[in-house]
Structures are given as structure tokens and as C-alpha cells.
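Please explain how this protein is arranged, beginning with its paired strands and ending with the surroundings of its ligand.

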Amino acid sequence: MTRRERLVDVLVVGAGPAGLAAAAGLAAAGVREVEVLERDQQPGGIPRHCAHGGFGARPTGDLSGPAYALYCATEATDAGATLRTGITVTGWAAPRTLDATGPGGLERISARAVVLATGARERPRAARLVPGTRPSGVYTTGELQRAVHLHRQHIGTRAVVVGDEPVALAAADTLRTAGVHLVARVTEHPPRPFAAVRPAGGAPLLTRTTVTALAGRPRLTGVRVRHEDGRTTTLACDTVVFTADWIPDHELARRGGLPLDPGTRGPAHDPAYRTREPGVFAVGNLLHGGESAATAAREGRAVTGPVLRHLATGTWPAGGPPLTVAAPLEWIAPNLAGAGGGGRLLLRTGRRLTAPRLVVSQDGAPLHRRRLARPVPPGGSFTLTAHWLERVDPAGGPVHIRLG
Ligand SMILES: Cc1cc2nc3c(=O)[nH]c(=O)nc-3n(C[C@H](O)[C@H](O)[C@H](O)COP(=O)(O)OP(=O)(O)OC[C@H]3O[C@@H](n4cnc5c(N)ncnc54)[C@H](O)[C@@H]3O)c2cc1C
């Protein structure tokens, strides 16, 4: 089958908040051919099926997910970007040349710069290695929301939600909307200080509790759990929702040979969102898993300057040394030293931190020390100012960030 071959200035893969913000910024800055490819039938990314508020900031104010998705898409098209939906990017023919497939057939599109914005997904049950049967009635929050809000499917009658990050509350809300009784929320983490053990909706939050197996076939009949004291129970239910535990949607990046950061599992990148592949940038949840839409859109906007510089000069500074973290810190983004960027780094912790002191060093020499004013919950992220990056020796070893 023949492929249609074309050349554009900037090709953006993924029309979520990050990709749309990048497209809007680049088109508004005068880049002539900014094209966004999106595999879904509509642009907007995850917010499209989040039928609740909590999206947007200045200048929009608080918006529902679908309203925010529409706002982002309109901003991009009004600026002059071309949005093409129903088109999946399947691989790379060469650096900065991507293969795509859609209703019109196969295409091969070359670009002077590529911006990857393919987002992240929650790890499904199989990837969490939960033993037991393989019944129906098992979802991630994203799958649940699509089923309820986009496809109006019948879900079940009694549900267990696994996780206690904010997205677990979105899952509980969606279940309530669908008329499903919430039996319990389950988390391996200890209770958060001041958190209600029986929050709104009346379902208990079982902390320090592990899911050990799923039971039932063909439909789920129960979730087996082990409590901290070793007792085991089966929570009778026909639906279970696995929440959070994000993994970047990095398949396309991997097919392009882009090195991934071992912590985030997203493309390694510097503060200007440059990956190790010249001309290929990455933004949004692809870089770090589940952060807010505002963070994803901020990164999309922030990539405008670096892309414009690359289009004007064709230069691609050699990547600096990696930024690495020590447990309980799980990752840092950006994770390559370098110039440019938004002046802040994002870090994630695996356990609760109370006023931690962070120490940054390279080859044994301290570069920066800072105490955080606020506690951070397990699985929570926080920011670190990036001015000390100027002191990193580009020819030196990895930069280590640890608790001091
Ligand atoms: C249940 C839930 C509730 C949430 N609630 C909130 C909230 O209240 N407030 C908030 O700020 N944030 C919330 N978030 C987080 C927010 O949705 C994300 O931060 C945001 O969507 C990330 O934007 P993104 O552009 O990086 O990725 P995404 O929104 O995931 O967009 C990525 C896009 O890339 C497309 N794509 C991927 N691969 C390809 C390919 N190969 N070819 C073509 N297209 C491709 C995907 O189809 C998708 O549309 C929520 C998330 C979830 C799951």
C-alpha cells in the first residue's frame, strides 16, 4: 500500500492538554505548519472523559474536563494549528519522520521538529501482577470513565476502588454517578494525617491493606485483601477499579530509540524538554506519569521557546549529565542537566516526607541544599528550584539528589 508523504514544520503527537498547549504556543508564535495528530476521534486527551470540575486555571477559571478539553482545542485551532483526529502514529521511518495511519490510509510525515505528548495511563491489573482469575468487571479509572461518560455502559452494582490518590476519588465519584455502591477503598499506604477513614460516600478506607487476588469467573465476585496484621478478607463485589500507579505512554518514544529515564519511565529530557534525539521534544504526562492537566499544559507552553530556537538555529546542545534521585525519592523531571526551561524541577516521593532537607551534589561536591516547608504525602510530587543547574559541570558525573 502506498503512503502519502509530506513535510511540516512541527508535528505534535497527542492532542491532550500538553500537545494542544504546545501547538497553540507554536502557531501563535508564527510557525506556519503546526500539525497535531490524535488517535481518538476528538481532541482533548484524558479531560474529555472526566465529567467533573477541577480543570483549568487562569484565564479559564474552574472548568469541567470536557469544557477544558474544548478550550484547549479551540485555543490551538484559533492560533492556526491543524488538528487531525482518528490518526494513530505507529512508528518512525527516520529521525523526525513518523508513520501514521487513519481513515485516509497510511501517511509518512517528516517535520523539522517533533513534539511527543502521548500522555500516561494507569497501570492495569495485569501489569500490577495481581493473582487470581481473569474476570470481567476490572477497570482502571480511565477505562471506567470512558465506559460511563463516553459509552454509557452498565458497570455493575458493588465496587472496590484500589488506591488513595486524588484520582481514586474521581473513580469513586464516577461509580456513584453510574449508580454503583462503593464497598471500600483499599490502599497499601498508612493513613494520611487528618484524613477521614470513612470519607464522603460512607465507604471505609482500608489503609495498610494489600490486594492479594481477584475471585470469580466470568464476572468478578470478590477482591481478596490482606490487612497489616496478616488477617485476610474477601470484599464481595462485581467491580474493581485500579487507580493511579501511572506509567508514561512511552511506546512510540521507545520505538524511536529514545532513552528512557529509569525513574519516570518517560523519555530522558533536559529542562528545555529536549530528548536525546536531535529535533525531538517531549512534554506532559509522557515525561512523568500522572500530574495535573495544568502541569501538562504548562510544559506544552514552555516548549514553545526551545522549539522556536531549534527551528531558527538547527542546534541541539549535547545532553548534560543525568539527574538521579535516591529512595524514598522515586524520580525527578527533567532528568538531564542543561540550559533553558521553566526554572523548576518536579520530584516524586514514595513515602511521606515531613519537612525534608534536600541535598544536591555532583562528584561529591554540594551544589544546593533546601528544606521543604510543607509535608509531602506518599506518591505526592513537589517542586525544587533549578537555579543550581548553572553550577553543574557538563563534563562531570551524574548529579545526585537525596534527603540530607
Ligand atoms: C480520572 C482522572 C481524573 C483527573 N482529574 C483531574 C483534575 O480534576 N484536574 C487536573 O488538572 N487533572 C486531572 N487529571 C489529570 C489530567 O487529565 C492529565 O494531567 C492530563 O490529561 C495530561 O495531559 P497530557 O496531554 O500529558 O496527556 P493526555 O491527556 O493523556 O493526552 C495524550 C493524548 O495523546 C494521544 N496519543 C497517545 N499515543 C498516540 C499515538 N501514538 N498517536 C496519536 N495519538 C496518541 C492520546 O489518545 C491522548 O489523547 C485527571 C486524570 C484522570 C485519569
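**From hairpins to the ligand**

Strand 13 and strand 14 form a hairpin with five residues between them. Within this turn, G230 has a positive phi of about 95 degrees. The model examined here is a predicted one. Strand 14 covers residues 232-236, and its pairing with strand 13 is antiparallel, with five bridges. One position can be located in the pairing: V223 lies opposite L235 of strand 14.

Strand 13 also takes part in a hairpin with strand 12, and here six residues lie between the two strands. The turn contains G216, whose phi is positive, at about 105 degrees. Strand 12 comprises residues 210-215 and strand 13 residues 222-226; the two run antiparallel and are joined by five bridges. T210 has R226 in strand 13 as its bridge partner.

A further group of strands may now be considered. Strands 19, 20 and 23 form an open sheet in the order 19-20-23, with antiparallel pairing. Strand 19 (329-333) and strand 23 (381-385) are the edge strands, each of them pairing on one side only. On average, neighbouring strands of this sheet are turned by 25 degrees against each other, direction ignored. Four bridges connect strand 19 with strand 20, which consists of residues 344-349, and the pairing is antiparallel. In this pairing, A333 stands opposite L346 of strand 20.

The discussion now turns to the ligand. Which residues are the closest to the ligand? They are E38, G54, N285, E291 and A293, and the ligand is surrounded by 34 residues in total. By character, the residues of this shell divide into 17 nonpolar, 14 polar and three charged.

Backbone atoms also approach the ligand. For E291, a backbone N or O atom lies 2.5 Å from an oxygen atom of the ligand. The corresponding distance from a backbone N or O atom to a ligand oxygen atom is 2.9 Å for A293 and 3.0 Å for I46. Taken on its own, the ligand has 1000 Å² of accessible area, of which the protein covers 91%.

Several elements give two or more residues to the shell around the ligand: helix 1 (17-28), strand 2 (34-38), strand 4 (88-94), helix 3 (141-150) and helix 6 (293-302). Helix 6 provides the largest share of the shell, namely three residues.

Key
Residues numbered from 1 in each chain as written. Predicted model: local features only at pLDDT ≥ 70, side-chain atom pairs only at ≥ 80, totals over all residues. Heavy atoms only, no water. Pairing = 2+ DSSP bridges. Near = heavy atom within 4 Å. Polar contact = N/O pair within 3.5 Å; in protein donor to acceptor, adjacent residues only side chain to side chain. Areas by Shrake-Rupley, 256 points an atom, 1.4 Å probe, with all protein chains shown as cover. Nonpolar A, V, L, I, M, F, W, Y, C, P; charged D, E, K, R; others polar. Axes fitted to C-alpha atoms, helices over the stretch in contact; angles between N-to-C directions.
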